[in-house]
Structures are given as C-alpha cells and as structure tokens.
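The following exercises concern the architecture of a two-chain model. Please attempt each task before reading its solution.

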Amino acid sequence: MKPFGLAAILFAALAAGTAFAQSSGPIKLADVAELSGGGATVGNNWKNGIDLAVEEINAKGGILGRKIEVTHADSQSNPGVARAQVQKALDSEPYVLLGPGYSGSVKVTAPLVAEAGITQIMGGEAAELTQAGNKFLFRTSFGQQSSMPKVAKYINDEVKAKSVAVVWVNNDFGRGGRDVITKEFGGYGIKVAADISTEAGQADFAADVSKIKAANPDAVFIYLNEEESARILKELKRQGVTAPLIGETTLVGQKVIELAGDAANGARGHVGLTTDAPVELIKQFRDKFSKKYNYVPDHNGIKGYLAIYMIKATTEKMGKVDPKAFADTLHGLTIKAADEPGILMDVTFDQNGDIDRQGFLVEVVEGKQVVKQVLPKLH
Amino acid sequence: MTAAAKYLRIALGVAAVLALILVPATFNRYGLYILSQWAVMSIAAMGLNLTLGYAGQVSLAQGAFVGIGAYAGAILTTQGFPLIAATAVAIVLCFAIGWLLGYPALRVQHHYLAFVTLAFSTLAFLVFRNESWLTGGIYGISNIPRPHVFGMATSKPLPFYYVCLGALAIVTAAVWWLIRSPWGRAFMALRENPVRALSLGVDTRRYTLMAFAIGSALGGVAGALYAPLTQYIDPVPFNLSLSLDLLMMVIVGGSGFFFGPFLGTMIAVLLPEWLRFTQGYYLMLYAIAVILLLIWSPSGILGILDRYLTQRRTRAASALRAVAKPKLEVAQ
C-alpha cells in the first residue's frame with residue numbers, strides 16, 4: 001500500500017497545485033495568429049490590438065483583481081502550423097484561446113479547442129465557421145452570412161443595379177463571400193455580368209479589368225485582400241471604368257486608401273468595424289493605437305482589441321475566472337459600451353457565437369472614409 | 001570497419017529506435033504532433049533523396065506528390081475506405097504520375113529539369129484548388145478520420161504517432177534494401193556518370209523513370225499520412241514552398257546519405273520550433289542558420305561527419321605510412 005499512498009499524496013499535491021494556479025496569479029491567454037506569411041497584415045494588427053487592450057486592463061488592475069498574461073504564436077498563415085501551435089497553446093491550459101484570423105486555420109483548430117472545452121475567440125469571417133454547431137467558437141466581426149446580404153440589399157435598393165460584375169480572390173475568404181453574395185443577387189434578380197476569380201498576391205489586373213469593361217455592368221462588386229484591392233482600383237481608374245465600385249471592409253480600408261491614392265475615391269462598401277466610424281470610443285481607440293504603434297490600424301486591430309474586452313466583460317459577469325462556464329455565459333450576452341467602454345459599440349452574441357452590432361456604409365471621398373449611412377443593430 | 005565500430009553503430013541505432021518509441025510516451029499533444037510531422041516529412045524527404053541524392057535528378061515536384069497522396073488519402077478515407085487502401089491508391093497514383101513526369105528528365109537535366117518539375121508543381125496546385133467537385137477547392141476537406149489499426153482507434157495523438165513511426169520504419173527498411181539492390185547501384189551509376197553507366201549496360205532510360213516514380217510514390221505515402229495527421233487539408237500547404245522545403249531538408253541533411261533526410265527534416269521541422277522563444281525573429285534566425293550551415297558544408301550535416309571520418313582515416317593512413325617509411329627506406 002505504501003507506494004500507492006505515496007502516489008496518492010503526490011497526485012493530491014499536483015491537483016492542489018493546478019487548482020491553486022487557476023484561482024490566483026495572472027489569467028493566462030494564448031493567441032495563435034498569422035504573424036508571418038500571406039496573412040501577416042491581418043495577424044500583426046490582431047496581435048497589436050490584443051497587446052494594447054491587455055496593457056490598458058493591467059494598468060487598471062486587471063480582471064477581478066488579476067493581471068492578464070498573453071502569449072503569441074505564429075501560424076505562418078499555414079493551417080498545418082496553426083494546428084501545431086494551437087495544440088501547444090492548449091497544453092498550457094489557457095483561460096481562452098485567441099485567433100487564428102484565417103478561416104482555414106480556424107476550421108482546422110476549432111474542433112481541438114472545443115474538445116479541450118476551452119473558448120476560442122477568432123477573427124475568421126467565413127460563413128460556415130459558426131454553422132457547424134461548435135459551442136465554444138465566437139466571432140469578433142460579422143460573418144459573411146450577415147454582411148453580404150446588407151451589401152446586396154444596398155446594390156439593389158440604392159445603386160439600383162441590374163447587372164453586376166463580381167471580382168473575388170480565390171481563397172476561402174474570397175470564395176465564401178462570392179458564394180453568399182451571388183445567392184443574394186439571385187434573390188433580387190440581379191444578373192452576374194462577369195464572374196472573375198483572381199489570385200491572392202496578384203500584381204497585374206489589366207486583363208481582369210478588360211473583362212469587366214467588356215461586360216459593361218451597372219456596378220462592380222470587389223472582394224479582394226487590401227493590397228490587391230488597391231491595385232485593381234488603380235487599374236479600373238486607368239482603363240476608365242465608371243460603374244460604381246462596391247465592396248466590403250477590405251475595399252475601403254485605410255491601407256487601401258493609402259496605397260491606391262486618388263483611385264480609391266468613390267469606392268463604397270459595407271464595413272462592420274472601421275477606425276473611421278463616427279463613434280467617439282472608436283476614435284479614442286484609433287488615437288491610442290496609432291500613438292503606440294505609429295500606424296493607423298485596420299479592422300483586424302479593432303477585432304483583437306475587442307476580443308480582450310469580450311473576455312473582461314464575460315468574466316466580470318460571471319464574477320469568477322471559470323473557463324468551463326465562459327462559453328455558456330457569452331452565448332446570448334449583450335455587452336453595452338456604456339458599461340464597458342472597451343467594447344466600443346453595443347454588441348450581442350447569439351447561440352452560434354455570431355455577433356449582432358451596428359454596421360456602416362462608407363464611401364471614400366477625397367482620400368477619407370466617409371460614413372454615408374449607419375445600419376442599426378438588429379436586436 | 002572494426003568489429004567494435006560495427007557494434008557501436010548497431011547499439012546507436014537500437015538506442016535511437018528505442019528513444020523514438022519510448023520517450024514520446026511522456027510528450028504532450030504538441031510534442032507528439034511535431035514529432036509525427038517529422039516522421040511524415042522524413043518519408044517524403046527520403047523519396048526525394050532517392051530521386052535527387054542517389055539518382056541525381058533535381059525535382060521541385062515532391063510537394064505536389066505529397067499533395068496528390070494527401071488528397072487521395074483524404075477523399076478515400078472520408079468516403080469510408082480504410083487508410084491502408086487509400087495509401088495503396090496514393091502509391092500507385094504517384095508512381096504512375098511520377099513515371100510520366102520522368103519522361104522530360106530523359107531529355108533535360110539539372111536546372112532545366114527543375115523548371116519542368118516546378119511547372120508540374122504549379123499545375124498540381126491549380127488542380128487541387130480549381131477542381132472543387134473532387135478536392136473541395138479552396139474550402140478543402142475537413143473531418144478526415146484517423147485509422148483503426150488491428151481494431152484499435154488511433155484518434156489520440158500518441159497512437160497516431162506510432163502509426164507514423166511504423167510507416168517510417170517500413171519505408172526506411174524498404175529504401176535500405178533498395179539502395180543495396182542492383183537498382184540502387186544503377187541509380188548511383190546514373191548520378192555519377194550516365195554515359196559510362198549506359199556503356200556498362202545499365203538501361204539509363206528505365207532507371208531514370210524508375211527513380212522518379214519510386215521517389216514520387218514515397219511522397220504519396222507521406223501525403224496519405226499527412227491528411228489524417230492534420231485531419232483537414234486545403235491546397236495551400238502543397239504549393240511550391242513545400243517542394244522547396246523538402247529539397248532543403250534533403251540538401252541540409254546531406255543529399256545522397258541514407259540518414260540525411262532524417263536529420264534534414266529534423267532541422268526543418270524542429271529548429272523553427274526551438275527558435276520560437278525569439279518571437280518575431282525566429283524565421284530569420286532559422287534562415288541564417290541554414291545559410292551558414294550550407295556555406296560551411298555544402299554537402300549538409302552528414303557531409304561534415306563524412307569529411308571528419310575521411311580526414312581521420314587519412315591521418316591514420318599517413319601515420320602508418322610515416323611509421324613504415326624508415327623500414328621501406330632500409331629495404332631499399
């Protein structure tokens with residue numbers, strides 16, 4: 001019996017040790033993001049947003065009196081590496097897992113995180129992510145299933161276009177958006193005049209723009225990454241395409257305006273999160289961010305920032321640091337900016353982990369995002 | 001080689017195998033995943049070592065063959081076929097495509113051949129991405145099941161690691177036998193001097209095709225294991241950079257050395273992970289380390305060992321000569 005007794009004491013000591021670790025000391029968070037490779041812009045904005053929020057919260061004494069500690073791991077924008085890094089992060093038993101930002105990387109990691117019973121707050125926007133019945137996965141921005149219908153409605157009601165050329169980037173992000181909006185166009189009886197697939201990182205859009213010109217559509221819907229959006233805007237201007245140019249967050253972002261210059265003027269889009277929103281808290285966030293990192297963040301910076309404040313609000317609602325009850329508490333939770341300024345805008349999470357929040361229709365006027373219309377929260 | 005040295009080598013080998021079996025039992029999920037990745041990529045690198053190191057044919061298409069194997073594995077196992085059947089299909093498919101790809105190798109050599117295989121690599125990527133009816137396109141294939149071996153589920157990390165390790169052992173034994181067979185000798189003759197090999201009656205045409213086909217088939221085996229390892233595949237991991245990575249693994253380890261691919265893969269898979277503590281610098285440091293290694297020893301890590309052993313033998317021989325010299329002079 002002696003060795004058994006000894007083992008039991010050891011085990012009890014170990015168990016007590018872990019229990020102790022969870023009830024005091026810093027709250028550990030793990031972030032896995034695209035810090036290098038094709039998604040480096042996305043991942044580094046996300047990471048900086050997280051670091052900014054953590055610094056703010058820690059300066060004010062942390063969450064429920066406990067400081068936050070966050071580790072960052074690089075997925076190299078590769079799903080296989082993301083899986084390895086998430087596994088590493090899970091082995092250290094974080095309170096909540098943050099990231100990744102690419103939808104493919106989210107798809108490969110979400111089942112692992114759910115199996116560990118840990119909540120995952122991610123940046124992916126593909127429609128299907130929250131439709132697989134995962135009870136631990138939460139978005140920080142609109143999924144395509146909620147943003148695309150708004151764009152289609154705008155094209156139908158306001159632009160009154162009857163035929164649209166659709167330009168998309170052939171990865172899961174672009175293809176997902178294209179599939180949702182094409183379906184929506186079908187519902188309105190809008191014809192897809194040209195369906196143009198492009199490559200991530202493509203440099204020359206002359207041939208694609210010629211195709212758009214030949215199709216002579218009433219409007220052009222552009223769904224590319226930021227750099228490529230800027231390149232196609234320049235080419236559209238060069239070839240003199242005058243049809244309205246409509247897109248989503250990535251067409252009218254700060255980075256696109258910087259890269260495309262004049263050519264970005266007139267571009268319109270639906271934006272779930274924009275640093276140019278006419279919201280006082282977002283302006284303050286933008287100032288703090290640009291002061292710390294010397295550049296203006298895009299929406300991924302806001303997403304990272306919000307993720308941390310989602311954790312703060314949820315934990316304070318529970319009144320304790322409880323990784324098991326976290327997801328249950330966040331489902332159906334409404335966080336008001338009046339109570340928690342870090343959340344920037346009132347937000348509600350539904351049972352799938354999707355969000356409901358104010359949105360904006362913006363247009364680029366003289367090199368600046370101008371909000372034309374505020375789309376209210378649904379509930 | 002003396003008997004003692006021979007026993008030492010056998011003991012080292014046994015110790016390494018035992019370590020690979022026993023030590024990971026204490027690893028966490030992350031460690032096991034990385035080690036499984038090492039085993040899988042070692043198989044692909046061994047295939048490329050056969051094509052490049054032994055038969056001297058530069059191929060930038062090994063990543064594409066891993067992709068073909070992975071898609072074959074993913075499509076068949078999600079349809080309910082067992083992994084072993086999927087692996088067999090992957091081997092046959094990659095062998096056949098590799099054989100066809102070998103034809104250009106009969107006409108062009110060295111970097112021209114690299115270009116031809118590079119084009120094939122791009123073509124394969126486009127097929128994975130655009131033929132969505134078969135490959136799921138850019139959305140990829142998810143929920144790839146892990147196999148049951150002798151009725152035991154391997155969905156947990158440790159059992160699946162043993163599946164990868166077992167596959168690596170089988171492939172290692174097969175390649176060990178192959179390069180000691182007349183085929184292996186013919187491959188090396190092809191690399192050293194194709195004209196002479198031809199004049200000695202080696203059918204260089206057939207052996208070139210064979211080197212390509214067997215190397216590619218091993219890429220297929222690695223792919224068929226990669227799919228259940230990550231349980232989700234999309235076209236991105238199988239683009240040109242994987243082919244370049246595999247080429248680097250073979251060259252860093254020591255091209256044409258039997259154990260080169262194991263070491264090269266260890267460097268390529270583990271070194272970036274060890275360097276992660278340097279945060280944003282880890283990929284830069286990794287690149288610098290590889291560049292320095294190749295400047296120091298263009299023939300890879302095993303090249304260093306080889307040079308050291310050769311030097312020691314030369315020194316030993318010189319010492320013997322020096323001892324023998326007075327006697328020889330007296331004899332004159």
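**Exercise 1.** Against which strands and helices of chain A do the buried residues of H2(A) pack?

*Solution.* The model is a predicted one, in which local features need pLDDT of at least 70 and side-chain atom pairs count only at pLDDT 80 or more, while totals for chains, interfaces and linings use all residues. Residues are numbered from 1 along each chain as its sequence is written, with chains lettered from A and ligands numbered from 1 in the order in which they are written.

Step 1. Establish the helix. Helices (H or I, at least four residues) and strands (E, at least two) are DSSP runs, numbered from the N terminus. Helix H2 of chain A covers residues 40-59, 20 residues in total. The expected span, 1.5 Å times one less than the number of residues, is 28 Å, and the end C-alpha atoms are 28 Å apart, in agreement.

Step 2. List the buried positions. A residue is buried if 20 or more other C-beta atoms lie within 10 Å of its own, exposed if 12 or fewer, and partly exposed in between, with C-beta atoms placed from the backbone. Buried residues of H2(A) include A:Trp46, A:Ile50, A:Leu52 and A:Val54, and also A:Asn44, A:Asn45 and A:Lys47.

Step 3. Identify the partners. These buried residues pack against strands E1 (27-33), E2 (68-74) and E3 (96-98) and helices H10 (280-293) and H11 (299-318) of chain A. Contact requires C-beta atoms, placed from the backbone, within 7 Å.

Step 4. Inspect the helix end. Just after H2(A), A:Gly61 takes a positive phi of about 100°.

**Exercise 2.** Describe the domain division of chain A and the contact between its parts.

*Solution.* Step 1. The domain assignment, whose bounds come from an automatic or database source, gives domain 1 (26-142 + 278-357) and domain 2 (145-271).

Step 2. The C-alpha centres of domain 1 and domain 2 of chain A lie 29 Å apart.

Step 3. In chain A, 12 residues of domain 1 are in contact with 13 residues of domain 2. The domain 1 side has 4 nonpolar, 5 polar and 3 charged residues. Here Ala, Val, Leu, Ile, Met, Phe, Trp, Tyr, Cys and Pro count as nonpolar, Asp, Glu, Lys and Arg as charged, and the others, Gly among them, as polar.

**Exercise 3.** In what order do the strands E11, E12 and E13 of chain A form their open sheet, and which of them stand at the edges?

*Solution.* Step 1. The order is E11-E12-E13, with antiparallel pairing; strands pair if DSSP finds at least two bridges between them.

Step 2. E11 (334-335) and E13 (355-357) of chain A each have a single partner strand, so one side of each is left without a neighbour in the sheet.

Step 3. E12 (residues 347-349) of chain A is joined to E13(A) by 3 bridges, and A:Phe349 has A:Ile355 as its bridge partner.

**Exercise 4.** Characterise the hairpin of E14(A) and E15(A).

*Solution.* Step 1. Strand E14 (residues 359-365) and strand E15 (residues 368-375) of chain A run antiparallel, joined by 7 bridges. A:Val364 stands opposite A:Gln369.

Step 2. The hairpin has 2 residues between the strands, and A:Glu366 takes a positive phi near 45°.

**Exercise 5.** How many residues of chain B are in contact with chain A?

*Solution.* Step 1. 18 residues of chain B are in contact with 18 residues of chain A.

Step 2. Helix H2 (residues 29-54) of chain B supplies the largest share of the chain B side, 4 residues. By class, that side has 9 nonpolar, 6 polar and 3 charged residues.

How values were computed. Two residues are in contact if their C-beta atoms, placed from the backbone, lie within 7 Å.
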